[in-house]
Amino acid sequence: MAITAPLVWLDGALVPAADATLPLMGHAPQRGSLVFDVGSFHPTTKGPALFRAREHVARFVNSARIVGLSLAYDEEALVRAAVSVVRECRRDEGLVRWSVFFAAAEPDLLPRDGATRVAVAAQLLQDTGRPKPLRIAVFDDARKASPDVLSPEAKAAASYLGPMIARRRAVASGADDVVLLDRDGDVAEAPIANVFVVRGGTLVTPSLGYVLPGITRDAVLAIARDEGLSVQEAKLSPEALATADEAFLTATSLPIAPVASVNGRALASAPGPITARLVERFEAAQRGAHPSFAHWLTHLG
Ligand code: PMP
């Protein structure tokens, strides 16, 4: 859980979070068209630093382009806005959330006035520390929306309704989260996380095309290659997930959560040895203590 910091960057100015609102009858709440991205910041020896902020902003800009929301700020300005809210919140760890939405107060499907508003907020975490191993449910009929409906690359609010309903079903069945399948019945991703398994010493994650290009996913792949591990982006069946040596989910908010069980069947270890090594190297990268990945950090300056 995370709580919004007192000051939010809204269209170029820092304002109290309570004033950073959007119209009830507007497009964002009525049609779910708001586009967002979530990054993070962490303590380093040089003070708090944003982790892969440029990649989060680039994905945010791409999501807005897909949905057709114009952005009045360039990538540099959006990174600077994040730096300003992180500096203002006076904490050394948390999330940062970029949002863009139609300014119009009416919910016409195609807004007549395409003007947009942009907000950037720091969010402070209530529970810090490593996530507990997750019990995962997989249902044959809980699928990701097909990419022909809306590109999985767009982080739009509306894309999360199906996954939210699937997670509720998983929780009702006694699990912690759900893994959604693609149109072929293979593993796609969790509602807000990518999926990895370790099988016979090889790290495997579903290829891009049906999943959000997770920035943690990309970082884990880069770290694994740097460690000399064998890595594959490939099709992954639910059976291969359930019988993996190790499995974990990746997301900015986790960032690496071991999978304890799949549909009630326990995996051999959670976290397993390769997962534990990746967690340790990943945390080093976030703290600026991994020499190969120092360029991932944006210091507050
Ligand atoms: N898939 C989906 C659908 C997500 O919402 C997220 C969270 N942004 C992820 C994967 C993980 O992405 P990231 O590692 O960039 O947070």
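This is a short tour of a predicted model, stop by stop, with something to select at each one.

**Stop 1: the ligand**

Start by selecting the ligand and the 13 residues around it. The ones that come nearest are Leu212, Gly214, Ile215, Thr216 and Thr252. Now color that shell by class: you should get six nonpolar, five polar and two charged residues. Which helix gives the most to this shell? That's α5, residues 215-226, with three residues.

**Stop 2: strands β1, β5 and β6**

Next, select β6, residues 116-125, together with β1, residues 2-10. These two run antiparallel and are joined by six bridges. For a specific pair, pick leucine 10, whose bridge partner in β6 is alanine 119.

Then add β5, residues 94-102, which also pairs with β6: eight bridges, again antiparallel. Here, click phenylalanine 101 and look across to arginine 117, its bridge partner in β6.

**Stop 3: the nonpolar core**

A bit of background before the next selection: nonpolar side chains in soluble globular proteins tend to be buried together. In this model the largest nonpolar core has 89 residues. Select Leu50, Ala82, Val85, Val120 and Val178, the members with the most contacts inside that core. Helix α3, residues 75-89, gives the most to this core, with eight residues. Color by domain too, and you'll find that the core draws at least three residues from each of domain 1 (2-125) and domain 2 (134-286).

Zoom in on leucine 50. Leaving aside residues up to four places away in sequence, leucine 50 touches Gly39, Phe41, Ala82, Val83, Val86, Val96, Leu297 and Thr298.

**Stop 4: two cis prolines**

Head for the loop between β14 (246-250) and β15 (256-262), where proline 255 lies. The peptide bond leading into it from leucine 254 is cis, with omega near -20°.

For another cis bond, go to alanine 270 and proline 271, where omega is near 0°. Proline 271 sits in the loop between β16 (265-266) and α7 (273-286).

**Stop 5: positive phi without glycine**

Finish with two backbone oddities. Aspartate 11, in the loop between β1 and β2 (13-16), has a positive phi of about 50° despite not being a glycine. Is aspartate 11 buried or exposed? Neither quite: it has 15 C-beta neighbours inside 10 Å, so it counts as partly exposed.

Arginine 90 is in the loop between α3 and β5, and its phi is positive at about 55°, though it isn't a glycine either. Arginine 90 counts as exposed because it has 11 C-beta neighbours inside 10 Å, and the cut-off for exposed is 12 or fewer.

Terms used:
Residues numbered from 1 in each chain as written. Predicted model: local features only at pLDDT ≥ 70, side-chain atom pairs only at ≥ 80, totals over all residues. Near = placed C-beta within 6 Å. Helix = DSSP H or I, 4+ residues; strand = E, 2+ residues; numbered from the N terminus. Nonpolar A, V, L, I, M, F, W, Y, C, P; charged D, E, K, R; others polar. Pairing = 2+ DSSP bridges. Core = buried A, V, L, I, M, F, W, Y, C linked by C-beta atoms within 7 Å. Buried ≥ 20, exposed ≤ 12 C-beta atoms within 10 Å, placed from the backbone. Domains from an automatic or database assignment. Contact = placed C-beta atoms within 7 Å.
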